[in-house]
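Opening a fresh page for this one. I'll jot down what I look up as I go.

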Amino acid sequence: MKFAIITHVIHGKVSENYFGYEPYIREMNLWIKNVSEVLILAPLDSKPKTPIQEFYQHKKISFVAVANFDVTSFKKSIISIIVIPKIVWKIYQTMKKADHIHLRCPGNIGLLGCIVQTLFPSKPKTAKYAGNWDSKSLQPLSYRFQKWILSNTYLTKNMQVLVYGEWEDSTKNIKPFFTASYFEKDKIEVKSKLFSGKISFIFVGTLSNGKQPLYCIKLIEQLYIKGYDVQLLIYGEGNERTDLEKYISDNNLKDIVKLMGNQKQETIKAAYQESHFVVLPSLSEGWPKVVAEGMFWGCLPIASKVSCVPNMLDNGNRGLLLDLKLNNDVEKIEAVLNDGIWYQDKVIKAMKWSRQFTMDAFEKEIKLLLES
């Protein structure tokens, strides 16, 4: 089978080996495990590999490089008008060669892929929509268009669309799905975490406005002011790092808040195992893997009510849902810190739920999708 991947994920190359964002590549290596040839259409960058990137594992990969475009400014819009026809033609040519077409959405390349795939109604296709499928959420027009065309069974034929969560009024080609990070063999026992010493919180993600790391810092700051022995470790990089450093310095938080930068998966896994809580006050998510990963290791999630998060946390029975109102959220966390029995109960429920979704189960589901 020739398996074509159409994606906006930026890739790199070392010798004849291609790499990309590690969680994405880890998943794609399962998709391509049993296919004979892989066709990848994506942007290609010359930057060196970082600790949060990984290589594809396949012997026969053909890479089609396309421009990485956006329309966030007038100048970029003009450039996009010039490059889009060429990208569309490359997508068409790649899809024509493929036995199975796989789209990664939402994204600019995925948007074009959604349109071009309508020209191949008889070819088997899958699409992974990694964003928020909730139709009631505020989203960019391009995201809403991708959701519309993917769920339109008149335009989109012979495709299974994988989305996070279960949503009312979904068309027959929409399939609730999940993402996994760990294998069955990783289900080792996790030691109980008590509140007798320092209480550890972690944030894992891009340092961007959408992920709200500053709000996370403010939560921990307020708990510290109230006399709790807390610490916050922030893993990730992004354009808000300078602002975060300034806030930490201006408010004398260097002893309790530390910016750890990008780290390998093993380092993050160890952080989950040693921490009490993982905090994600995000404004938008698909399936927040950091929430599921934290739950897997007995690190209780404190997360905003976006996308499928309320479902993941069973509306508060497997974690703490944020209102994104500072005083209210601080009070909620205080209530947990003052009730160790409540905490331990939720940790056990969270671990039990998260450990259903292993890479082994994920691989089996992918195999069924490719065989159907």
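**Pocket**

How much space lies in the second largest pocket? I get about 470 Å³ for the second largest pocket. Its lining has 19 residues, and the closest to the pocket centre are W133, D134, S135, W167 and E168. I then asked which element gives the largest share of that lining. Helix α4 (residues 141–151) does, with four residues. By character, I sorted the lining of this pocket into five nonpolar, seven polar and seven charged residues.

**Confidence**

I have to keep in mind that this is a predicted model. The mean pLDDT of the chain is 93, and 99% of the residues reach 70 or more. Where is confidence lowest and where is it highest in the chain? The lowest value belongs to strand β10 (residues 174–177), with a mean of 88. Strand β1 (residues 2–6) has the highest, at 98. A reminder to myself: coordinates should not be read in detail where pLDDT is low.

**Seven-stranded sheet**

Next I traced an open sheet of seven strands. I wrote its order down as β6-β4-β1-β7-β8-β9-β10, and the pairing is parallel. Which strands stand at the edges? They are β6 (61–66) and β10. Each has a single partner strand, so one side of each is left without a neighbour in the sheet. On average, neighbouring strands of this sheet are turned by 20° against each other, direction ignored.

I looked at one pair in this sheet in more detail. Strand β4 (residues 37–43) and β6 pair in the parallel sense over six bridges. One residue I followed there was L41, whose bridge partner in β6 is V64.

**Three-stranded sheet**

There is also an open sheet of three strands, ordered β2-β3-β5, with antiparallel pairing. Its edge strands are β2 (12–14) and β5 (53–55), and each pairs on one side only. The twist from one strand to the next averages 35°.

How many bridges join β2 and strand β3 (residues 17–21)? I find three, in the antiparallel sense. Going along β2, I noted that G12 stands opposite F19 in β3, while V14 has N17 as its bridge partner in β3. The hairpin of β2 and β3 has two residues between the strands, and S15 takes a positive phi near 60° there.

On the other pairing, β3 and β5 are antiparallel over three bridges. Y21 has Q53 as its bridge partner in β5.

**Helix α1**

Is helix α1 (residues 22–31) mostly covered or mostly open? Mostly covered: ten of its ten residues are buried. I listed the buried residues of α1 as E22, P23, Y24, I25, R26, E27, M28, N29, L30 and W31. Among them are E22, R26 and E27, which count as charged.

**Backbone oddities**

I went through the backbone angles next. Most residues other than glycine have a negative phi, and most peptide bonds are trans.

Which two residues does a cis peptide bond join? C105 and P106, with omega about -5°. P106 is found in the loop between β7 (100–105) and α3 (108–116).

Then the positive phi angles. Q212 has one of about 55° although it is not a glycine. I placed Q212 in the loop between β11 (199–204) and α5 (213–225). Is Q212 buried or exposed? It is buried, with a relative accessible area of 18%, and the cut-off for buried is under 20%.

N252 also shows a positive phi of about 55° and is not a glycine. This residue sits in the loop between α6 and β13 (257–261). N252 is exposed, with a relative accessible area of 67%; the cut-off for exposed is over 50%.

**One glycine**

My last entry is on G236, in the loop between β12 (230–235) and α6 (241–250). G236 is buried, at a relative accessible area of 7%. How far apart are G236 and F74 in space? C-alpha to C-alpha, I have 30 Å, with their positions 162 residues apart in sequence numbering.

Key: Residues numbered from 1 in each chain as written. Predicted model: local features only at pLDDT ≥ 70, side-chain atom pairs only at ≥ 80, totals over all residues. Heavy atoms only, no water. Buried < 20%, exposed > 50% of the residue type's maximum accessible area, 1.4 Å probe, protein only. 1 Å grid on protein atoms, 1.4 Å probe; cavity = no way out; pocket = protein on both sides within 12 Å on 5 of 7 lines; lining within 4 Å. Points joined across faces, edges and corners; volume = space filled by probe spheres on them. pLDDT = per-residue confidence, 0-100. Pairing = 2+ DSSP bridges. Axes fitted to C-alpha atoms, helices over the stretch in contact; angles between N-to-C directions.
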